[in-house]
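Dear colleague,

I am handing over the structure below, and I would be glad if you could look through it alongside the notes that come after it.

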Amino acid sequence: MMNNITQEEIILEDERALLRPLLSTDIEHLLPFALNEADLWKYSLVSPAGEEGMKNYISTSLQNKAAGIEYPFIVFDKQANSYAGSTRFYDIQENNLTTQLGYTWYGKAFQRSGLNRH
C-alpha cells in the first residue's frame, strides 16, 4: 500500500502544463468532454462518455487512489488557460518501486498541441 504517497498532494508543473490530483468536483471540468467528444474513448475498455460514464470514471479513479494502486491527475493547459483532460500513475507497486503512466486522454483541441510532451 502506498500510504506515504497517497497522503501527500502531488503536483507536477512546468511552464505549459499543470497536473494536480483529480477530485470528485472535477466533474465540472471533464464533463464537457464526456458529453461532446464521446469518440475520445472509442477504443477504451471502460468509456467515460456521458455524464454517468464520467462520474463512474472519476469515482473509480478515486477509489483506486484510496487503495494505493493509482494516482489520477487532471491536466490544465496553461497556454490555453483551460482544463484539457486527465492522466494517471497506475499499477503502483510500492514494494517494487514501480509505476506506469497512462490512461491519458485530452480533448480534441489539445491533441497534437504539444501539451502531452510537458
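What follows is an account of the strand pairing and of the largest pocket.

Please keep in mind throughout that this is a predicted model.

I begin with the strands. Strand E3, which covers residues 70–77, pairs with strand E4, residues 82–93, in the antiparallel sense, and eight bridges connect the two. Within this pairing, Asp77 stands opposite Ser82 of E4. The two strands form a hairpin in which four residues lie between E3 and E4, and Asn81, which sits in the turn, has a positive phi of about 55 degrees.

E4 is also joined to strand E5, residues 98–106, by six bridges, and these strands too run antiparallel. Here Phe89 faces its partner across the pairing, standing opposite Leu101 in E5. E4 and E5 likewise make a hairpin with four residues between the strands, where Leu97 takes a positive phi near 55 degrees.

Turning to the open space, the largest pocket holds about 410 Å³. Its lining is made up of 18 residues, of which Ser44, Val46, Tyr57, Arg88 and Tyr103 are the closest to the pocket's centre. Two elements, helix H3 (50–66) and E5, give two or more residues each to this lining, and the largest share, five residues, comes from H3. Sorted by class, the lining of the largest pocket consists of nine nonpolar, six polar and three charged residues.

With best regards

How values were computed. Residues numbered from 1 in each chain as written. Predicted model: local features only at pLDDT ≥ 70, side-chain atom pairs only at ≥ 80, totals over all residues. Heavy atoms only, no water. Pairing = 2+ DSSP bridges. 1 Å grid on protein atoms, 1.4 Å probe; cavity = no way out; pocket = protein on both sides within 12 Å on 5 of 7 lines; lining within 4 Å. Points joined across faces, edges and corners; volume = space filled by probe spheres on them. Nonpolar A, V, L, I, M, F, W, Y, C, P; charged D, E, K, R; others polar.
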